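This report covers one protein chain and its bound ligand. It goes from a record annotation to the ligand shell, the sheet and a few single residues.

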Amino acid sequence: MTGKRQAPTDCLEPSSKLARVAIPAIERSKGLPDYDDIPPASFDIAKGIRQNHARAIKKGDLDLVYFKPFLASATAKALYQWCLTALPWYKVQYRTRGIDIDTPRFTTTFGIDQAFKPGSSLSVYERKPRPIPAPLQALLDQVSQATGADYNFLLINFYQDGTNSITYHSDDEKFLGPLPTIASLSLGGSRDFLMKHKEDPKRKEKFLLEAGDLIVMRGSTQAKWLHAVPKRTSTVQPRINITFRKALNIAGTNNYYKYNVGDGPVHKLVNGRMQPVAGT
Ligand SMILES: O=C(O)CCC(=O)C(=O)O
Ligand SMILES: [Fe+2]
């Protein structure tokens, strides 16, 4: 796992946690805010894409593409601020194998799996899926174009400070299919991104992910490697990470909303810190 600083329960956090298809208006459900209220963005993602900054990192069963950066600095900043203030955030708590888990970061997600047919009932889902807000759909389209892969979900993490983390895991759930491509965009403060091989402990990688960077994990990377953003005791600036994925079926939608939205309150930024918002 990620070392001594990791809270023991953090180690048990499941790895689980992204529609080019337009999602129809979704009926409101209790406990979910009105997503039509997500404000539009003043920036134009398409104009903020930096070209020709991609490097392929292929070492046996490790298959990465690192865009450093993918977004121009001003666009990365504007997107960070917009995500932080416009999106509903959650701090999901759940019980697994008899242990209470408090997710050590804030999360949110948008999207619906590929099996969903527009017009069919959404009641089969454990939690109502939410349409991808326009600025994030524009971003998803650019990431899709640059990486040559399709995505239908965005999973978004907010690491408020060094106590926030994601433990070693791989995004290898069956509902992603074999050899999934997962693209991961960093915004805000820099954080270390660690990778280690599942079978060969000598094989390790470390990347300092900075604002605007996009790292893409492809091929057998999820099957053979783990990745983590460990806790830090040194001062780190708040960071947002957006991952792009393609869930093939309902299991993906149910899993992603369970672990990234859950049933608790929405959190918003109040005086620079995330706070639960009363009444939501
Ligand atoms: O924050 C990051 O860079 C990694 C996030 C991640 O691995 C995940 O959400 O599955
Ligand atoms: Fe991951």
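In the unreviewed UniProt entry, the annotation "domain: Fe2OG dioxygenase" covers residues 150-248. The coordinates discussed here are those of a predicted model. In this model the span 150-248 is 47% strand and 4% helix, and the C-alpha atoms at its two ends lie 11 Å apart.

**Ligand shell**

Ligand 1 is surrounded by twelve residues. The closest of them are Asn157, Ile166, Val229, Asn241 and Thr243. Two or more shell residues come from each of the elements β6 (153-159), β12 (225-229) and β13 (239-245). Sorted by class, the shell around ligand 1 holds five nonpolar, five polar and two charged residues.

The same UniProt record, an unreviewed entry, carries the annotation "binding site" for Asn157, Tyr159, His169, His227, Arg239, Thr243 and Arg245. Asn157 and Thr243 are named in this annotation and also appear among the residues closest to ligand 1.

**Fold**

The protein has 280 residues, of which 40% count as buried. Its secondary structure consists of four helices and 15 strands. Seven strands form an open sheet in the order β1-β2-β11-β8-β13-β6-β5, and the pairing is antiparallel. Which strands stand at the edges of the sheet? They are β1 (54-59) and β5 (106-111); each has a single partner strand, so one side of each is left without a neighbour in the sheet. On average, neighbouring strands of this sheet are turned by 15° against each other, direction ignored.

Within the sheet, β8 (residues 182-188) pairs with β11 (residues 214-217) in the antiparallel sense, over four bridges. Ile182 has Met217 in β11 as its bridge partner.

Two helices can be placed relative to these strands. Helix α2 (residues 134-147) lies across β2 (62-67), β5, β6, β8, β11 and β13, and runs at about 125° to β8. Helix α4 (residues 250-260) also packs on the sheet, where it touches β5 and β6. The direction of α4 makes about 150° with that of β5.

**Single residues**

Three residues of the sheet strands are buried, a class that requires 20 or more other C-beta atoms within 10 Å. Their counts are tabulated below.

| Residue | Strand | Other C-beta atoms within 10 Å |
|---|---|---|
| Tyr159 | β6 | 24 atoms |
| Thr107 | β5 | 22 atoms |
| Thr243 | β13 | 21 atoms |

Tyr159, which belongs to the annotated binding site in the UniProt record, is in contact with Arg105, Asn164, Arg191, Val229, Pro238 and Arg239, leaving aside neighbours within four places in sequence. Of these partners, Arg239 is named in the binding-site annotation as well, and Val229 is one of the residues closest to ligand 1.

Thr107 sits in β5, an edge strand of the sheet. With neighbours within four places in sequence left aside, Thr107 is in contact with Tyr90, Val92, Ile156, Asn157 and Asn260. One of these, Asn157, is among the residues closest to ligand 1. How far apart are the C-alpha atoms of Thr107 and Lys91? They are separated by 6.4 Å, although the two residues are 16 residues apart along the chain.

Methods. Residues numbered from 1 in each chain as written. Chains lettered and ligands numbered in written order. Predicted model: local features only at pLDDT ≥ 70, side-chain atom pairs only at ≥ 80, totals over all residues. UniProt positions renumbered as here; feature names shortened; annotations may be inferred. Near = placed C-beta within 6 Å. Nonpolar A, V, L, I, M, F, W, Y, C, P; charged D, E, K, R; others polar. Buried ≥ 20, exposed ≤ 12 C-beta atoms within 10 Å, placed from the backbone. Pairing = 2+ DSSP bridges. Axes fitted to C-alpha atoms, helices over the stretch in contact; angles between N-to-C directions. Contact = placed C-beta atoms within 7 Å.
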